[in-house]
Amino acid sequence: MSIDFKKAAEEFSTPLYIYDFKYMRSQYRALKEAFEGKKSLITYAVKANSNLSVIANFAKESSGADCVSIGEVKRALLAGIEPYKIIFSGVGKSYDEIKEALELKILMINTESEAELHLVEEVSKEIGIEARVSVRVNPNVDPKTHPYISTGLHENKFGVDIDMAKRMYIYSKNSDYLDPIGIHFHIGSQLTNLEPIAEAAQIIADLVRSLKAIDIDIKFFDFGGGLGIKYSDEILIDPKDYAEAIISATKGLDVTLVCEPGRYMSANGGYLVTKVLYEKINGSKRFTIVDAAMNDLLRPSLYNAYHKIESVERKDGKESPTDIVGPICESGDFLAKDTLMPPLEGGDLLVVNSAGAYGFTMASNYNTRGKACEVAYDNGEFRVIRRRESFEDLIEQERLYLKD
Ligand code: LLP
């Protein structure tokens with residue numbers, strides 16, 4: 001690994017997120033290339049890592065953005081993504097968010113229920129701006145991933161079924177305020193199996209064909225994100241096979257293929273550097289207590305997710321299993337369980353891998369812990385892209401109310 005984690009930790013202290021910008025650009029390029037020869041748009045899923053500089057790094061590559069709140073839309077714009085490459089998704093967009101999105105003239109609003117479509121129409125009528133919309137269709141396909149990150153089954157809250165989608169398209173076509181230009185599905189995240197995506201793409205492409213037959217011309221075929229990455233020994237979907245499955249499903253349709261990857265673009269370009277505070281043995285159980293915690297990286301606690309952790313100095317000595325835990329007052333506060341580590345002591349550095357997606361964006365201030373510093377690594381240099389939060393930052397919004 002070419003990144004000097006020790007130097008970074010000395011300069012910026014820990015816990016510290018480091019993002020390899022070159023790696024992230026190369027992920028964007030690999031995916032874009034897989035669709036070569038086809039009209040395609042990669043809209044980076046901002047939720048994976050929404051640091052302005054990370055988004056800007058993708059914007060420079062001509063990426064679009066997939067956003068799930070007006071905050072994310074505004075981040076994307078601020079980072080330099082063109083409005084006509086921004087998609088606004090999510091099951092619960094509010095009146096104000098819809099209004100602002102229309103005023104900002106983004107590519108399209110992805111509606112997820114009939115009620116939401118009606119609200120988009122109402123807002124559009126009020127402000128006199130026609131709304132470009134898509135419908136998120138739930139194809140009821142099992143993505144075979146962790147249940148918390150599966151999104152394309154009827155038991156999940158996302159999208160609408162095919163019949164409802166048809167009704168929504170017909171309604172939009174007949175409205176003076178709605179322009180149905182897109183279709184969308186997303187069956188889940190961290191997908192390592194191509195078949196469910198191919199099956200869902202076939203179902204949705206057939207729907208596009210049946211809409212065409214009634215004069216509804218879909219121009220954007222958005223098949224979500226979901227490409228899995230290597231946390232340990234997963235066998236991955238080759239982006240070329242992924243693209244091929246979509247291209248073959250949409251054969252004969254004149255559509256722009258829209259892909260909205262998050263994890264694939266940023267996860268393995270991110271590292272969380274943490275310092276060992278103490279080691280201890282309770283009975284026969286070894287614990288390594290570090291200065292990063294579940295408030296910095298929630299994935300292990302929330303999904304029991306595995307993140308490979310390595311000792312930066314690669315210390316000698318016999319490895320033995322240890323739980324790597326943070327200082328938070330919860331038994332569920334761990335970064336790894338029973339992972340093999342050499343003997344460690346206070347001051348040693350550990351690096352948590354695959355932390356560039358759903359890491360910092362899911363961080364919190366639980367236990368009044370300030371959020372970590374974020375640093376970009378590019379051309380052999382480190383740049384702070386978000387400074388460490390101070391105690392003053394944490395209490396800034398609060399007012400001390402004392403009854404006399
Ligand atoms: N588009 C839509 C509509 C989505 O719901 C998602 C993710 C994405 C794109 C990006 O998916 P990706 O390419 O990253 O798989 N916090 C969880 C992941 C939740 C993902 C939810 N939706 C985790 O840490 O694993």
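Author: Contact here means heavy atoms within 4.5 Å. The model is predicted.

Reader: Which residues is K85 in contact with, leaving aside its neighbours within four places in sequence?

Author: By that cut-off, K85 touches L41, T43, S62, S63, G64, A65 and L107. K85 itself sits in the loop that joins α4 (70–78) to β4 (86–88).

Reader: Why is K85 called buried?

Author: The relative accessible area of K85 is 12%. Buried means under 20%, so K85 counts as buried.

Reader: What makes R299 a polar contact of the ligand?

Author: A polar contact is a pair of N or O atoms within 3.5 Å. A polar side-chain atom of R299 is 2.6 Å from a ligand oxygen atom, so the pair falls within the cut-off. For Y303, a polar side-chain atom lies 2.7 Å from a nitrogen atom of the ligand. In Y358, a side-chain N or O atom is 2.6 Å from a ligand oxygen atom. These two pairs also meet the definition, because each distance is within 3.5 Å.

Reader: How much of the ligand does the protein bury?

Author: Taken alone, the ligand exposes 590 Å², and the protein buries 92% of that.

Reader: Which residues are closest to the ligand, and how many surround it?

Author: The ligand has 19 residues around it, and the closest are S189, E260, R299, Y303 and Y358. By class, this shell holds 6 nonpolar, 7 polar and 6 charged residues.

Reader: How do you know that the ligand lies between domain 1 and domain 2?

Author: Domain 1 (5–16 + 268–388) gives residues to the shell, and domain 2 (89–261) does too. The ligand therefore lies between them.

Definitions and conventions. Residues are numbered from 1 along each chain as its sequence is written. This is a predicted model: local features need pLDDT of at least 70, side-chain atom pairs count only at pLDDT 80 or more; totals for chains, interfaces and linings use all residues. Side-chain values use heavy atoms; hydrogens and water are left out. A residue is near a molecule or strand if one of its heavy atoms lies within 4 Å of it. A polar contact is a pair of N or O atoms within 3.5 Å; within protein, one must be able to donate a hydrogen and the other to accept it, and residues adjacent in sequence count only if both atoms are side-chain atoms. Accessible areas come from the Shrake-Rupley method with a 1.4 Å probe; for residues, only the protein chains shown count as cover. Ala, Val, Leu, Ile, Met, Phe, Trp, Tyr, Cys and Pro count as nonpolar, Asp, Glu, Lys and Arg as charged, and the others, Gly among them, as polar. Domain bounds come from an automatic or database domain assignment. Helices (H or I, at least four residues) and strands (E, at least two) are DSSP runs, numbered from the N terminus. Buried means under 20% relative accessible area, exposed over 50%, partly exposed in between (1.4 Å probe, protein chains only).
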